[in-house]
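Please look over the model below before reading on. The notes that follow are grouped by topic.

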Amino acid sequence: MAVSIAKCLRADACVLLLTLLLRPAACGDIAAGATSGDAPHRRFEYKYSFKGPHLSQGDGTVPFWVHTGNAIPSADQIRITPSLRSQQGSVWTKNVVKFEHWEAVVTFRVSGRGRMGADGLAVWYTSGQGLTGPVYGAADQWNGVGIFFDSFDNDGKKNNPTVLVVGNNGKLVYDHQNDGTTQSLGTCLRDFRNKPYPVRAKITYYKKTLTVLINNGFTPDKEDYEFCTRIENMIIPVEGYFGISAATGGLADDHDVLSFLLFRLTEPGQQLPPAEQEMPKEEKDKYQEEFENFQQELDKKKEAFQKEHPDVQGQAIEDLYESVNEREIRQIFEGQNRIHLEIKQLNRQLAMILDEQRRYVSVITDEVSKRGTQTQSGQVRQISSAQQLQHGSAGGLGTYETVQHFNDIKEHLHVVKRNIEHIIQKNSGPGEKVKCPELPPMPSCLSTTHFVVFVVIQSVLFFGYIMYRSQQEAAAKKFF
């Protein structure tokens, strides 16, 4: 019985081992299929998007969008609010969004001079256009969802700048005093002010799940996103409008939106929505009229230019300007010319340095040849003078080659000094110390007799002088 149980366990173990060995490949294929199958189909919707470089039209409007308040469209961005106090502005889509799943990518900058800014920027999806209002420049009690980029710390908890998601059914009043924290469905702390690159927010609503990803703007990588928040089982209006709004208060920032790109998401396996129909006749006529006006203004400017420059009449305008290839060739030629001039200047300076070096070397060589046979003291003085010349030339020239030459000369002078000492020691003997020669004995110039006679004569003269003085003093006293 025990043997049969052991055999059964052994067989089960073999089956399990084979299953584990064969499982990874099949699991990898299934996972790959699930990943590719779960990815939704994305289609860009131009009627709900804008981006530069030709963002606004000649009349200051943005195609398919409407702007209100202090918003200022330009060629490459829309400034929702300038950095002035108590400003409000917004932009909203003209057309209603009628698809269920979507993904919005917003690129913006929030910049200001102060350490703190106000009030913030908001991205909306609501059932109606909230053109103006107290909530970041848009209407309160909205029906939909708002993603808020709050710059100012109203509640004093030092938790700003922050990103929060707030939903509303059209009945709630936004809680400004607490920065909406009591009503937020999801939040994350992200500093989006004064970044070196534009900040990007990717907002995805797919299968009743809202996901917010943030690119902090620290790198130019557009796909460097970080997870911010995720709200599941979220119900939003089936149809609505997209909008972007901003507001300033006592403090002010520039709120600039560079682009807003919207993508329609379709579940895998479903039939793709039909392509957009042809542009309406009214919009087509408007664009055609704008193009014709632009063409007429261009022709007038060409005629005015021809009148002001009659010498270029009959010549194509394109010939007056250099092409891209000509510009590149000219830049290359100018760069090579500058390099050539720099090389010539360096060559001239090197020639001057070499001339100075030859002159100093020749002077030192002559000095060495003149004093090569002198005594040790002379050699020491020559070494000191060579060192002084070396330091002076090295300081004046400031080149490595000159210093190296003077070091070689100093080494040769030390060799000469050692040779002279060796010759002196060789002449004095191997075991003897070098002694200075003794002075010869001085010859005797005065004998004893001469010395005695000289002393006697000096004594006689001294006593005679004393007696003469005494007689002169006695004769002088007789008159008193």
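## Briefing

The protein holds 6 helices and 16 strands. This is a predicted model. Of its 480 residues, 31% count as buried. Two topics get most of the space here: an open sheet and a disulfide.

**Whole protein**

- About 32200 Å² of the protein is exposed. Carbon and sulfur atoms supply 58% of that area.
- Take the contacts between residues at least 6 apart in sequence: 65% of them join residues at least 24 apart.

**The open sheet**

- An open sheet is built from 7 strands. Their order is 3-6-15-8-9-10-11. The pairing is antiparallel.
- Strand 3 (65-69) and strand 11 (184-188) are the edges, and each pairs on one side only.
- On average, neighbouring strands of this sheet are turned by 15° against each other, with direction ignored.
- In a regular strand, side chains alternate between the two faces of the sheet.

**Strand 9 and its partners**

- Strand 9 covers residues 143-150, and 7 of its 8 residues are buried. Strand 9 is therefore largely enclosed by the rest of the structure. The cut-off for buried is under 20% relative accessible area.
- Strand 8 (residues 120-126) runs antiparallel to strand 9, and 7 bridges join the two. Thr126 stands opposite Gly144 of strand 9.
- Strand 10 also runs antiparallel to strand 9, through 8 bridges. Here Gly146 has Val166 in strand 10 as its bridge partner.

**Out to the edge**

- Strand 10 (residues 162-169) pairs with strand 11 over 4 bridges, in the antiparallel sense.
- Leu164 has its bridge partner, Thr187, in strand 11.

**The disulfide**

- How many disulfides does a search of the whole structure find? The search finds 1.
- A disulfide is a covalent bond between the sulfur atoms of two cysteines.
- Cys188 is joined to Cys228, with an S to S distance of 1.9 Å.
- Cys188 lies in strand 11, and Cys228 lies in strand 14 (residues 226-232). The two cysteines are 40 residues apart, so the pair links distant parts of the chain.
- The link of Cys188 and Cys228 is left-handed, with -90° about the S-S bond.
- Are these cysteines buried or exposed? Both Cys188 and Cys228 are buried.

**To keep in view**

- Strand 11 is an edge strand of the sheet, and Cys188 in strand 11 forms the disulfide with Cys228.

Conventions. Residues numbered from 1 in each chain as written. Predicted model: local features only at pLDDT ≥ 70, side-chain atom pairs only at ≥ 80, totals over all residues. Heavy atoms only, no water. Pairing = 2+ DSSP bridges. Axes fitted to C-alpha atoms, helices over the stretch in contact; angles between N-to-C directions. Buried < 20%, exposed > 50% of the residue type's maximum accessible area, 1.4 Å probe, protein only. Contact = heavy atoms within 4.5 Å. Areas by Shrake-Rupley, 256 points an atom, 1.4 Å probe, with all protein chains shown as cover. Disulfide = S-S within 2.5 Å.
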